[in-house]
Structures are given as C-alpha cells and as structure tokens.
Amino acid sequence: MSIQHTALALTNLWIFFVPPVAGSIIGYFTNDIAIKMLFRPYKPIYIGKRKLPFTPGLIPSNQGRLAQKVSDTIMGSLLTPGELQKLAQRLLAIERIESAIGWLLKLALDQLKADREQKTAKILANILHDLFSQSLPRLLKVLARREDFLEAQINQIFDQILLNFKLKDAQGKKFADWLLGAVVPPDTIRRAIIDFLSDRNIQIIDEGFREKTSGTYWVVANLFGLSNSLVRLRSFCLDEPEITNARLQELTYSLQIRDRIKNWLTNLSLQNLPVSTVRQLRKTVREAVRNYVKDEGGGVIARLGDSVEWENLAVLILKRLQSSATVTDSLEVISQELALVLDRYLERDLEQLVAQAIPILAIDKVIIDRVSATSPEDLETAVQGIVKSELQAIVNLGGILGFVVGLLQVVILFFN
C-alpha cells in the first residue's frame with residue numbers, strides 16, 4: 001500500500017514539474033530558432049527540384065526590398081536636402097576652405113620645385129607663345145578698328161612727353177655733332193655740290209642771273225657771267241676732294257654752323273607752335289599710331305613672339321617664382337581671398353549646388369548597392385553586433401513565458 005502511495009505521489013509530482021520545464025525549453029528554443037531563421041539558411045535548400053519553404057532566411061530572401069527600405073529611410077529622414085546642406089555648410093566653413101586652398105597652393109609650389117622634366121615650363125612656354133604669336137595679334141587687330149583705340153594713352157604721352165620735350169645744351173651739341181659728322185659731313189656736301197652743278201643747272205642759274213639783275217650786278221653778270229665760275233667750282237670739287245673737304249670744314253667752323261644747329265635744336269619745342277597746329281599734330285600722331293598698329297602691329301608682335309625662346313623664358317620665370325619670397329608670403333593672402341570669394345559664392349548658391357549634387361552622388365543607389373552586395377553572413381554579424389543583447393533577451397523571454405505558461409497549466413491541473 002505504501003509503495004502504491006509513493007508511486008502515485010511521484011506521478012503527481014512529475015505532472016506538476018514537467019509542464020513548466022517543458023514550456024520553458026520550448027519557449028526558449030522556439031524564439032532562438034525564429035531569430036536564427038531571420039538570417040539562416042543563407043542559401044535556398046532544394047529537395048529534388050522543389051525548394052524547401054523558409055529557405056533562404058527571411059532577410060536573405062528579401063535583401064533587395066530591405067536595401068530599398070533602408071535607402072528610403074535614410075534619404076527620407078536622415079540625409080534630406082536640408083540636412084545635406086547643413087552638413088555642407090559645416091564642412092565648407094571658411095576656415096576649412098582657406099586651409100584647403102592654402103594646402104593646394106603649397107602642394108602646387110612643391111610640385112613645381114620637384115618638376116625635373118620641366119613639364120610646367122613647357123606648358124607655360126606654349127601659353128606665352130600662343131599669347132604673343134596668335135591671341136594678342138588677333139586681339140590687337142580687333143581693338144585697332146575702334147576709333148578710340150589708344151586715344152587716351154597716346155594723348156597722355158603726347159601731352160606729357162612730346163609736348164614738353166626739349167633738348168638740353170649738351171644733347172643739342174651732341175646731336176649737331178652727329179648731324180655734321182655722320183649725316184652731312186664735308187664729303188657729302190662736296191658730292192651734293194657736284195651733283196647740283198650739272199650743265200643744265202649752271203645754264204639756268206647763269207641765264208636767270210643775267211635776266212633778273214640790274215645796275216652793277218647786271219654789268220658783272222653780262223660781262224663775266226656765272227657759268228665760268230660755277231664750272232670751275234665743280235671742277236675744283238672733282239679734282240681736289242681733300243682740299244675741298246678741308247675748305248668746307250673750315251667754312252662750317254667759320255660760319256658757326258654747329259652752334260647754329262645746336263641753338264635751333266635746343267629752341268625746338270612743340271609749345272612754340274600754335275594751339276591749332278599742336279592739336280592737329282596730336283591727332284595726326286594718334287591716327288598714324290593707330291593705323292600702324294592696325295596694319296603692322298599684329299605682324300610685329302607675331303614676329304616678336306616667334307623670335308623669343310619661350311621655353312628658356314618660362315624656365316627663368318618659374319625659377320624666379322620658386323625662389324621668390326613674395327610668392328611664398330602671398331600664399332596665405334591668396335588663400336584668404338580665394339576662400340572669401342568661394343564662401344560668398346557658396347553662400348549664394350549652396351542650396352542649388354546641393355540639389356544638383358544629390359542626383360550626381362546617387363547616395364540612395366550607393367546604399368542599395370552596398371546593402372544588396374553584403375552577404376547574409378555579414379548582415380547577421382552586423383545585426384548581432386548591434387542588438388546581440390536584445391536578441392538574447394528575446395530568447396530568454398521566450399523561455400520565461402514558456403515557464404509561466406507551464407506553471408499556469410500546473411495550477412489548472414492542481415485545482416482540477
């Protein structure tokens with residue numbers, strides 16, 4: 001009797017003990033399996049040609065839609081145009097822009113110093129050659145067609161330089177010496193006398209002197225005439241060139257020709273001319289310069305451009321820039337000015353630039369591609385790394401709920 005009572009007691013105890021334990025185990029492992037089925041299996045499983053249901057897992061089988069949802073959520077609430085504009089404003093603060101421009105300028109200067117193949121010099125040489133050989137002549141021809149081309153500049157040069165120009169005594173003396181020594185030396189005068197005293201000219205002079213003189217001069221002209229004297233003068237210049245040159249030199253000195261020329265040159269000034277004449281002369285000079293530039297200026301500059309060794313000149317310019325302390329010191333100022341200009345431009349057009357940049361960047365497509373390209377294993381690892389404790393709490397909660405349900409069942413059995 002006691003054995004039957006003991007067996008009955010054990011049976012009743014087993015009935016009350018099993019439901020909570022079984023419910024806890026079932027709830028725990030059911031939630032664990034459900035969470036794992038979100039990601040696993042990673043690939044579909046086939047029996048024959050039929051795919052097993054729930055393979056692959058929920059997230060791998062809907063990874064495309066998940067990627068689209070993630071992209072829509074991020075672009076719709078996080079990376080909105082307004083947020084992107086605020087982000088761009090913080091990123092493009094004037095201090096950062098100035099630092100970036102300064103860094104780029106210093107990098108360009110260092111690259112210029114390290115340019116052993118002189119690529120920069122070749123580029124600069126091509127630019128200078130194009131400027132002087134093609135661009136500048138064309139531009140000059142176009143500008144020279146205007147009636148007011150160089151008008152103010154030429155008038156200023158004329159008024160401030162030519163109008164006030166006057167030779168000093170020393171300059172006038174040197175100019176007179178040059179005229180008498182190089183332009184009209186005694187030998188040149190002698191040759192001019194010989195060329196002038198041709199037979200025809202001598203005849204014309206003699207006849208004119210006979211016809212137009214009167215009194216004593218008429219008697220001399222008709223009795224003696226000038227033809228004989230002029231012929232003898234020409235013969236003397238031809239036969240005795242050295243003596244003639246010496247006599248002409250003495251005559252130049254006796255007549256003070258040098259001093260007369262010097263005085264004439266030092267007294268020569270445009271201010272002594274009438275106002276109307278000066279105005280007309282200024283207009284004539286301006287028109288002459290404009291016509292010359294229009295007709296010949298382009299060719300002169302083009303020939304000048306072709307005659308210059310631009311590559312050597314570019315090398316010299318770049319070497320000067322590399323060693324110039326002014327360039328190094330001005331980098332900071334240039335960075336500040338460029339940063340201010342860029343900041344004003346961004347302040348005005350940043351919203352429009354961001355609106356144009358969003359389709360170009362295609363952030364939503366990047367998000368979709370990245371999520372779609374992520375393997376299910378990596379997705380599971382990422383999710384587990386973020387909410388591992390939360391997922392484990394769900395599993396534990398399943399076990400607790402199963403245990404509670406088992407206890408309720410025990411209570412019902414007990415009262416029944």
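These are my notebook entries on selected features of a predicted model.

**Entry 1: Helix H6**

I first looked up helix H6, which covers residues 119-144 and holds 26 residues. From its first C-alpha to its last I read 36 Å, close to the 38 Å expected at 1.5 Å a residue. I then checked the axis and noted a bend of about 45° at Leu 131. For burial, I listed Ala 121, Ala 125, Leu 128, Ser 133, Pro 137, Leu 140 and Ala 144 as the buried residues of H6. As background, I recalled that an α-helix has 3.6 residues a turn, so residues three or four places apart point the same way.

**Entry 2: Helix H15 and its contacts in space**

Which residue of H6 did I find 7.6 Å from Val 293, C-alpha to C-alpha? The partner is Leu 140, 153 residues away in sequence, and Leu 140 is among the buried residues of H6. Val 293 itself belongs to helix H15, residues 275-307. Is Val 293 buried or exposed? I recorded Val 293 as buried, because its relative accessible area is 13% and the cut-off for burial is under 20%.

I also looked up Asn 291, which is placed in helix H15 as well. Asn 291 has a relative accessible area of 31% and is therefore partly exposed. The C-alpha atom of Asn 291 is separated by 8.9 Å from that of Arg 145, although the two are 146 residues apart along the chain.

**Entry 3: Two further pairs**

I turned next to Glu 98, in helix H5 (residues 94-113). Its relative accessible area is 25%, so I entered Glu 98 as partly exposed. Glu 98 and Leu 338 are 240 residues apart in sequence, yet I read 7.5 Å between their C-alpha atoms.

Asn 228 lies in helix H12, which runs over residues 227-239. I noted Asn 228 as partly exposed, with a relative accessible area of 47%. Between the C-alpha atoms of Asn 228 and Ile 202 I found 9.0 Å, with 26 residues separating them along the chain.

**Entry 4: Backbone at Gln 256**

What is the phi of Gln 256? I read a value near 55°, which is positive in a residue other than glycine. I set this beside the general pattern: most residues other than glycine have a negative phi. Gln 256 sits in the loop between helix H13 (241-254) and helix H14 (257-267). I classed Gln 256 as partly exposed because its relative accessibility is 47%.

**Entry 5: The largest pocket**

How much space lies in the largest pocket? I noted about 160 Å³. Its lining consists of Leu 162, Phe 165, Lys 166, Leu 167, Leu 265, Leu 268, Ser 269, Leu 270 and Leu 273. By class, I recorded 7 nonpolar, 1 polar and 1 charged residues in this lining.

**Entry 6: Residues 393-415**

Finally, I consulted the UniProt record, an unreviewed entry, which places the feature "transmembrane region" at residues 393-415. In the model I found this span to be 100% helix and 0% strand. The C-alpha atoms at the two ends of residues 393-415 lie 33 Å apart.

Terms used: Residues are numbered from 1 along each chain as its sequence is written. This is a predicted model: local features need pLDDT of at least 70, side-chain atom pairs count only at pLDDT 80 or more; totals for chains, interfaces and linings use all residues. Side-chain values use heavy atoms; hydrogens and water are left out. On a 1 Å grid over the protein atoms alone, a cavity is a set of points where a 1.4 Å probe fits but cannot get out, and a pocket is an open set with protein on both sides within 12 Å along at least five of seven lines; lining residues have an atom within 4 Å of a point. Grid points are joined across faces, edges and corners, and a volume is the space filled by probe spheres set on the points. Ala, Val, Leu, Ile, Met, Phe, Trp, Tyr, Cys and Pro count as nonpolar, Asp, Glu, Lys and Arg as charged, and the others, Gly among them, as polar. UniProt positions are given in the numbering used here, feature names are shortened, and annotations may be inferred rather than shown by experiment. Helices (H or I, at least four residues) and strands (E, at least two) are DSSP runs, numbered from the N terminus. The expected span of a helix is 1.5 Å times one less than its number of residues. The bend at a residue is the angle between axes fitted to the seven residues ending there and the seven starting there. Buried means under 20% relative accessible area, exposed over 50%, partly exposed in between (1.4 Å probe, protein chains only).
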